[in-house]
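Work through these short exercises with the model open. Each task is followed by a stepwise solution.

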Amino acid sequence: MSSKKVRSGLWIDPRTKIVLLLLCVLTAAMAPSLFYEILLVCLVSVFGLSCGKIRYALIGMIVYMIFYFLTLATMQLHGSVQVMLVAFFGLVHKVYPCGFLSGIILTTTKTGEFLSAMNRSHISKKIVVPIAVMLRHMPTIREDWRFIKDAMKMRDVSPSLKNFLKYPGMTIECIYVPLMMAASKTADELTIASVTRGIENPKPRTSFIQVRFGISDLIVFLCFLAMFLAGQFCKGVFL
Amino acid sequence: MSNQQSSYLNKKGLTVKDLVSIGIFNALFFVFELIGSLPFAPNPALTFYQPLGIALLCGPVFLLMVAKVPKRGNIAICGIINGIIWFVFGMHWAMDLGYIVMGIVADLAAGMRGCKNTKWNIAAFALFCLGPAGVFLAYSVNPAAWAQIMLEKGTSQEYIDIMANSAPIGMLPVILLGTVVLAIVSGLIGRKLLKKQFEKAGITA
């Protein structure tokens, strides 16, 4: 919309995305049937496609289909194995749409947009700053972990269970200390960076990126709302 | 350097540095929570022990966070963020509410000694870990209503049955006590790590 860069797919206001996530949690929580869940995941997938996350959306859909057919297969089983598996799939079906949607939202929202939107809706900085930092730091942890594993191999320590039982103290130290050291260093560096950019300024924050609601926000919101209401009031259709 | 640090500590309220640190340690905290709860949560016989997994793994991270941000409000913010994140991932509302409430309680406990006393910090961690057990508190108060809510959430009837069988009412104190004990063990390990590694490196504030 107002950003100058060319984006593939439509741009959605971060506030709308949060509302979508809430709606999705509610919808998944009150889903009347498995078929309805598939429609919900389809909707999320279409949302991902329209946001330009084509590969992610397709993979997410395929993985869900695999889960769906596995669930159908477990319905044929009997006994305690079935109970165990059904319980597991029950959890998957409950969490999957929300996780799928939050994945799309996280990868399409820039931190600047998020902060700007939160600022516009007057949410305390004490909550917004940690959340923004946390979401951006998650992928870094995975990267760090790969390096740490390599370094551990060089010292003949591996993060496996066997090694843990053999040398508990050593393994604990080798896992926690580098991760926490890295985290603490990043915290210092990020603080300096954000103070330099004037995050402590008491005046109201202005932003290069202007967030505002558009027609696409309304359409997406109405789609998800329709999905939710259909699940609540026309349960018979999905059984 | 020491001058700077003392002026930083004397500043009232949470500064940007504190907020960023809380955010980063929360990311690490969340990763360890995921690792801790993965072997438990999807298994109906073990779901009730999920807080134990969280308590066992997160101690050192929590202690370092408190040591780095020794101010009031740090743990409360940590709890609120955890509640929001778990809600987004579709968890039961009692768990999210538990995180927020126990975060504030733990904040008060650690704040009694100004977040400086390690023993009180470990106690605060034990309190914090009781947050996710809020689900099971909600369960034991009214098992019938609980089953209904979970059924609406898409969890199957058999799951509830197995949970009910593997968790007689006497299970609740075991879970709560076990969580506290494991949290204290994890906290002691964390204290050892802090003394051995991080205090020497000058990372703690």
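**Exercise 1.** Is the crossing of helix 8 of chain A and helix 3 of chain B left-handed or right-handed? Describe the packing as well.

*Solution.* The model is predicted. Start with the elements: helix 8 of chain A covers residues 168–196, and helix 3 of chain B covers residues 50–68. Their axes lie 11 Å apart, at an angle of about 30°. Angles under 35 degrees count as roughly parallel. Therefore helix 8 of chain A runs roughly parallel to helix 3 of chain B. The crossing of the two helices is right-handed.

**Exercise 2.** Which residues meet where helix 8 of chain A contacts helix 3 of chain B? Classify them.

*Solution.* Helix 8 of chain A contributes A:Tyr176, A:Met180 and A:Ser184. Helix 3 of chain B contributes B:Pro60, B:Val61, B:Leu64 and B:Lys68. Sorted by class, the contact residues are five nonpolar, one polar and one charged.

**Exercise 3.** Is B:Lys196 buried or exposed? Place this residue in its chain too.

*Solution.* First locate B:Lys196: helix 10 of chain B, residues 171–201, contains it. Next, count neighbours: 11 C-beta atoms fall inside 10 Å. A residue with 12 or fewer is exposed. So B:Lys196 counts as exposed. Finally, take its separation from B:Val105: 91 residues in sequence, and 29 Å in space from C-alpha to C-alpha.

**Exercise 4.** Which residues of chain A does UniProt list for "transmembrane region"? Examine residues 213–233 in the model.

*Solution.* The unreviewed UniProt entry lists residues 20–49, 56–77, 83–106 and 213–233. In the model, residues 213–233 of chain A are 90% helix and 0% strand. The end C-alpha atoms of this span are 28 Å apart.

Conventions: Residues are numbered from 1 along each chain as its sequence is written. Chains are lettered from A and ligands numbered from 1 in the order in which they are written. This is a predicted model: local features need pLDDT of at least 70, side-chain atom pairs count only at pLDDT 80 or more; totals for chains, interfaces and linings use all residues. Axes are lines fitted to C-alpha atoms, for helices over the stretch in contact, and angles run from 0 to 180 degrees between N-to-C directions. Helices (H or I, at least four residues) and strands (E, at least two) are DSSP runs, numbered from the N terminus. Angles under 35 degrees count as roughly parallel, over 145 as roughly antiparallel, 65 to 115 as roughly perpendicular and the rest as oblique. A crossing is left-handed if the near helix is turned anticlockwise from the far one by less than a right angle, and right-handed if clockwise. Two residues are in contact if their C-beta atoms, placed from the backbone, lie within 7 Å. Ala, Val, Leu, Ile, Met, Phe, Trp, Tyr, Cys and Pro count as nonpolar, Asp, Glu, Lys and Arg as charged, and the others, Gly among them, as polar. UniProt positions are given in the numbering used here, feature names are shortened, and annotations may be inferred rather than shown by experiment. A residue is buried if 20 or more other C-beta atoms lie within 10 Å of its own, exposed if 12 or fewer, and partly exposed in between; C-beta atoms are placed from the backbone.
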